[in-house]
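Reader: Walk me through this one, please, and give me the criteria behind the labels as you go.

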Amino acid sequence: MWYVHVPWKDRGDMKTSFPIIGMHCASCARLIEKKLKKTPGVTDAMVNYGSEQASVDFDEKISDIKTIGKAVEDIGYKAITQQESEKTPEQIKEEAKKRELGDLKVKVVVSSILSVFIVLGSFPEWFGVSMSPYVLLLLTTPVQFWAAWGFYQATWSGLKNRAASMDTLIAIGTSAAFGYSLLNVLTQKPTLYFDTASVIIALILLGRFLEAKAKAHTSDAIKKLLHLQAKTARVIRDGKEVDVPIEEVKVGDTIRVRPGEKVPVDGKITDGSSNIDESMVTGESMPVDKKVGDPVIGATINKTGTFLFLATKVGSDTMLAQIVTMVAQAQSSRAPIARLADVISSYFVPIVLMLAAATFVIWYDFGSFSAAFTNMIAVLIIACPCALGLATPTAIMVGTGRGAERGILIKDAQALEIAHKTKVAVFDKTGTLTRGEPKVTNIAFMDNLEKVDEVKAAIAALEKNSEHPLSKAVVGYIGEIGGIREIGVKNFAAIEGFGVKGIVNDLPVLIGNKKLMEKEGVTSSTELNKKAEMWMNEGKTLAFVAINKKSVAAIAIADTIKTEAKEMVDGLKRMGVAVWMITGDNEATARAIARQAGIENVMAGVLPQEKAEKIKELKNDKKSVVAFAGDGINDAPALAAADVGIAMGTGTDVAIESAGVTLLNRDLGSIVTTIRLSRATLSIIKQNLFWAFAYNVILIPVAMGVLYPITGWLLNPALAAFAMAASSISVVGNSLRLKGVKI
């Protein structure tokens, strides 16, 4: 949900975000933002016209969130700050938008039909239809004061708050045309501009209708995520299975999921196993095997088996809800590149009003009243801060939504904007480049060893008594190659820093490092030592096995590199990004892993608390944007220190919170995709800003009549209205192209 629930006790500065209904242009957003910032208790506010969303920071002076909503409603807009009945704020907003779109459609149809008759009657010499001026007045009045009533409401609201918007320009321009025509009807003068007023209103309303339809698609990603959630859950209560609405599921409930059903909430499997399709949340296309103890994510689809799971997170705490919230907040955030457009838009309307007045004066002095009046209206109508206001947020909305569909969660617009500038990428080793789980990669037995199966069984029996991760890796490997048998172990002992020992089948067995073998006086094997040395040069951890003081086997254990790591590194290099690896491991192990990934630059022996300093040093040395990818708690400072922090979706909450980008799909290749997405989004934003600026720079002077001395051209106000509507629609349409860009 886009609404962020606020706990009302034990809080300092808090943050909330909520949808706003009724905004027509970027000036509306600035007016609401200005009003919110003046509200006592609000420390900061940001209103995004593209996403129609407000984000507000406030303190303890605000005891009820309705206070914030009332501030918005006082200036003529509707803020959805509370959940009403069973409907979420987002659902309420969607319903309100549908009603608004329906009303707008009716106004477009009615005003267009009336405008056709008004134009026909205004030019009898062209169309042969003669109408009385009083009939034209009658036809124009509903267009001016019913269809265009929203313009007057917004203008009045703006004037009360000492602000002007695009609605102000439209209201002044059309009212001037209507008022002058009305005066001429009453004084029986022939010059009428009813056609100008009605056609302008009809065209602007049509433009807004088409813009609203197009903008609806910029939030498709959010809508898809919201529709993923299951509606009911089969909960076991009092020994019976009952279907309950998803809203009634509580933490601690045991829930059954059958094949083909959606997992209703987040939890942990307690009985059974299955394959689960997590693609709708993580972007990962292959189903994931799940067994007892494994976590499950709400909204994912159970493919095969039936299982029971314990609900651990419900409502707004589920991963899906958090993803929706983060995507919505990212779409509502403001990219640094948008600041220039914001500054220009804030001065735009007053400048246009002055230019319109200047146009009237100049044309009245050197031409005629008719030309002065027509050109003034054209200047008022042609000016379009809407295109500037839409240029950045619409592209950000589509870009962040596109990322969410691919399992890339972008925290804010700044992260999306800056990612394309990345010139240095630093990767933590364990859990990021590697799987973070030690595995046996090699095992070798003495060539002349008899009863190999019994040796395997002895290794497994001894290691099963240890909780060490390396011991678990050995037991798992022996199980895979079929060497586990139930054998008793006597006198088991774990020797910290060395290994384990015990009596198996009445023989002393040792498993550990070389130091343990030397300490216990084990007879070494030349052939095993050669293999062990080769594995050590590959950066692997070694364990030797001795039975009755004789070396019988050697085991190599390593944290294996992720399969996509090499391809990802190659992709970054092709994009001109220098790749580094940082780790606390020794130089030999670090270099061995780095070689497998194709990384030449390595920082080894770095303590967790030193990672952030190393990132800062790299930023200063390279004088360029540095990205850091990690997953652990100890990576959080480095993620925050980097220009672009990238957290792996399998990481800790604190790592994800510190990062600007989170890879829910766990795929390293998504880092390359993120940079491509950033480049594509910034390209679209720059195109939007260029055309929005160019539109105003070129067409406002044309509307003022600068081409008239050269070509004899003057811009008809109706054409100005059409061009103004077209500019906003083109910006939204260009942003929607991001949906088809290959990333």
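Author: Let's start with one pair of residues: the bridge partner of Lys 268 is Leu 310, which sits in S13. Before we go on, this is a predicted model, where local features need pLDDT of at least 70 and side-chain atom pairs count only at pLDDT 80 or more, while totals for chains, interfaces and linings use all residues. Residues are numbered from 1 along each chain as its sequence is written, and side-chain values use heavy atoms, with hydrogens and water left out.

Reader: What makes strand S8 and S13 partners, and which way do they run?

Author: Two strands pair if DSSP finds at least two bridges between them. Strand S8 (residues 266-272) and S13 are joined by six bridges, so they count as a pair, and they run antiparallel. Strands themselves are DSSP runs of E with at least two residues, helices are runs of H or I with at least four, and both are numbered from the N terminus.

S13 (residues 307-313) also runs antiparallel to strand S7 (residues 254-257), with four bridges between them. There, Ile 255 stands opposite Phe 309.

Reader: Why are S10 and S12 said to stand at the edges?

Author: They belong to an open, antiparallel sheet of three strands, ordered S10-S9-S12. Strand S10 (288-290) and strand S12 (301-302) each have a single partner strand, so one side of each has no neighbour in the sheet. S9 (residues 274-277) pairs with S12 over two bridges, and that satisfies the "at least two" rule. Asp 277 has Ile 301 in S12 as its bridge partner.

Reader: Which strands are at the edges of the six-strand sheet?

Author: That open sheet has the order S16-S21-S20-S19-S18-S17, with antiparallel pairing. Its edge strands are S16 (434-445) and S17 (489-495), each paired on one side only. From one strand to the next, the twist averages 15 degrees. Inside the sheet, S18 (residues 499-504) and S19 (residues 507-512) are joined by six bridges, and Val 504 stands opposite Leu 507.

Reader: Where does helix H17 lie?

Author: Helix H17 (residues 452-463) lies across S16, S17, S18, S19, S20 and S21, at about 120 degrees to S18. Contact means heavy atoms within 4.5 Å; axes are lines fitted to C-alpha atoms, for helices over the stretch in contact, and angles run from 0 to 180 degrees between N-to-C directions.

Reader: How do you know that the length of H17 agrees with what it should span?

Author: The expected span is 1.5 Å times one less than the number of residues. For the twelve residues of H17 that gives 16 Å, and the end C-alpha atoms are 17 Å apart, which agrees.

Reader: Why is H17 called largely enclosed?

Author: Buried means under 20% relative accessible area, exposed over 50%, and partly exposed in between (1.4 Å probe, protein chains only). Nine of its twelve residues are buried, so the rest of the structure largely encloses H17. Among them are Val 455, Lys 456, Ile 459 and Glu 463.

Reader: Does Ser 525 count as buried or exposed?

Author: Buried, because its relative accessibility is 6%. Ser 525 is in the loop between helix H19 (514-519) and helix H20 (526-537). Leaving out residues up to four places away in sequence, Ser 525 touches Met 446 and Ser 551.
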